[in-house]
Amino acid sequence: MTLGHQIAWDDTVLPFQLDASDIRGRVVRLDGALNGILKQHDYPPLVEALVAEMALLTALIGQTIKLRWKLQLQVQSKGAVRMIATDYYGPETEGDPARIRAYASYDADRLTETAPFDQVGEGYFAIMIDQGKGMTPYQGITPLEGGSLAACAETYFAQSEQLPTRFSLSFGKSTEPGVAEHWRGGGVMLQHMPKASPFVADGEGNGETLSAADLVQDDEAENWNRANILLDTVEDMELIGPSLAPNDLLLRLFHEEQPRVFDSQTVRFGCTCSEDRVRQSLSIYSARDIEKMTTDEGRVTADCQFCGAHYDLDPATVGFEADQGSHDA
């Protein structure tokens, strides 16, 4: 693959379907977007791995939804990594890129020399969809279990949406000759689209967490299992690239399943923070409240946890009692 083709597939999500199997999916490649997310912070490697995994999941899931505004994935746990939050903003107009951002909150002294997923303890994995003003937000949660964040996402789709779903992800720091070290990630998402099985529709069972296998039967189960076996053959370097284009990857994996590709979606690192948003968030506070937030230097400051932007404001200009005509120059 030429450099031009490589760049063309960086930071994209490619939708596809397998015509022979009634399965749809996505292939994601994150390069600059993932690097943009992680370079904002000096995370330990274990935390970087969790944030990278969440970013890939967010790009794949966000592209499956006809999103008017924002999808958020969130992990809340009692472990060393207390929270991971990612946002996916749908394109504002056709042809624009989607935007993605992420950050993590953690206790450095509680991190262990084990697998990344071991750094999260008891807690939940949540998916939230906000379609904007006038629309009711949606939220679904599932327990943190299964050995990876991808497994949590698979359980969410089986449990909450009755959609058999599978993810295969890979990520790491690229050390290509002549190129500065940077993050790359890639992955494939498969999703079966049958009606819910009678087991799910009737609300029967013993209360255990559902998996994709609980939702497919007979020919559908055979198709689903075959696609999963084929996906199991994928190698990390095939997922990450950069030498294999996503459409070529699909042909290597699923050529007998008749893969059909659709228009790809560009993804960029992007944050929505701004001084106006900071002022708006502070507008509910009185002058007395603002005084308690004021630093010894006589300023009100705020930092964006997603992008690291720093805001330094005159306390007289924030809060609902502010002098609205005297914003900082």
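Colleague: Let me start with a pocket, since I want to learn how to read one. Which element gives the largest share of the lining of the second largest pocket?

Modeller: Helix H9 does, with five residues. Before we go on, please keep in mind that this is a predicted model. Two elements each supply at least two residues to that lining: helix H9, residues 275–282, and strand S12, residues 300–303.

Colleague: How much space lies in the second largest pocket, and which residues are closest to its centre?

Modeller: The space comes to about 290 Å³. The lining has 17 residues, and those closest to the centre are Cys273, Ser274, Arg277, Val278 and Ser281. You can also sort the lining by kind of residue: nine are nonpolar, five polar and three charged.

Colleague: Now the largest pocket, please. How much space lies there?

Modeller: About 460 Å³. Gln63, Ile65, Pro91, Asp263 and Gln265 are the closest to the centre, out of 19 lining residues. Helix H3 (45–64) and strand S11 (265–269) are the elements that give two or more residues to this lining. H3 gives the most, with three residues.

Colleague: How do the residues of that lining divide into nonpolar, polar and charged?

Modeller: Here we find six nonpolar residues, eight polar and five charged.

Colleague: Next, strands. How do I read strand pairing, and in which sense do S12 and S13 pair?

Modeller: Look at the direction of the two strands, then count the bridges between them. S12 and S13, the latter covering residues 310–313, are antiparallel and pair over four bridges. To find one bridge on your screen, start at Ala302, whose partner in S13 is Tyr311. The two strands make a hairpin with six residues between them, and Gly308 in the turn has a positive phi of about 85°.

Colleague: Which residue takes a positive phi in the hairpin of S1 and S2?

Modeller: That is Asp22, with a phi near 55°; this hairpin has four residues between its strands. S1 and S2 are antiparallel too, with seven bridges. Val13 and Val28 are bridge partners there, with Val28 in S2.

Colleague: What joins S2 to strand S9?

Modeller: Eight bridges do, and these strands also run antiparallel. S9 spans residues 182–192, and its Met189 is the bridge partner of Arg26. So S2 pairs with S1 and with S9.

Colleague: Is S2 mostly covered or mostly uncovered?

Modeller: Mostly covered: seven of the eight residues in S2, which runs from 23 to 30, are buried. The general idea to carry with you is that side chains in a regular strand alternate between the two faces of the sheet.

Colleague: Where do I go to see a nonpolar core, and which members touch the most others?

Modeller: The largest core has 54 residues, and the members touching the most others are Leu30, Val51, Ile84, Phe125, Leu149 and Phe167. H3 supplies the largest share of this core, eleven residues. Another core lies apart from it, with 19 residues, including Trp9, Leu231, Val234 and Leu244.

Colleague: What does Leu30 touch, leaving out residues up to four places away in sequence?

Modeller: Its contacts are Asp11, Ala55, Leu56, Ala59, Trp183, Arg184, Gly185 and Val267.

Colleague: Asp11 caught my eye. Where is Asp11 found, and why does it count as buried?

Modeller: Asp11 sits in the loop between helix H1 (3–9) and strand S1 (12–18). Buried means under 20% relative accessible area; Asp11 counts as buried because its relative accessibility is 8%. Check the backbone as well: Asp11 is not a glycine, yet its phi is positive, about 60°.

Colleague: What is the phi of Gln162, and where does this residue lie?

Modeller: Gln162 has a positive phi of about 55°, again without being a glycine. This residue lies in the loop between helix H4 (149–161) and strand S8 (165–174). Gln162 is partly exposed, with a relative accessible area of 22%.

Colleague: Finally, the whole chain. How many helices and strands are there, and what percentage of the residues count as buried?

Modeller: The chain has ten helices and 13 strands. Of its 329 residues, 49% count as buried. For contacts between residues at least 6 apart in sequence, 65% join residues at least 24 apart.

Terms used:
Residues are numbered from 1 along each chain as its sequence is written. This is a predicted model: local features need pLDDT of at least 70, side-chain atom pairs count only at pLDDT 80 or more; totals for chains, interfaces and linings use all residues. Side-chain values use heavy atoms; hydrogens and water are left out. On a 1 Å grid over the protein atoms alone, a cavity is a set of points where a 1.4 Å probe fits but cannot get out, and a pocket is an open set with protein on both sides within 12 Å along at least five of seven lines; lining residues have an atom within 4 Å of a point. Grid points are joined across faces, edges and corners, and a volume is the space filled by probe spheres set on the points. Ala, Val, Leu, Ile, Met, Phe, Trp, Tyr, Cys and Pro count as nonpolar, Asp, Glu, Lys and Arg as charged, and the others, Gly among them, as polar. A nonpolar core is a set of buried Ala, Val, Leu, Ile, Met, Phe, Trp, Tyr and Cys residues joined through side-chain atoms within 4.5 Å. Buried means under 20% relative accessible area, exposed over 50%, partly exposed in between (1.4 Å probe, protein chains only). Contact means heavy atoms within 4.5 Å. Two strands pair if DSSP finds at least two bridges between them.
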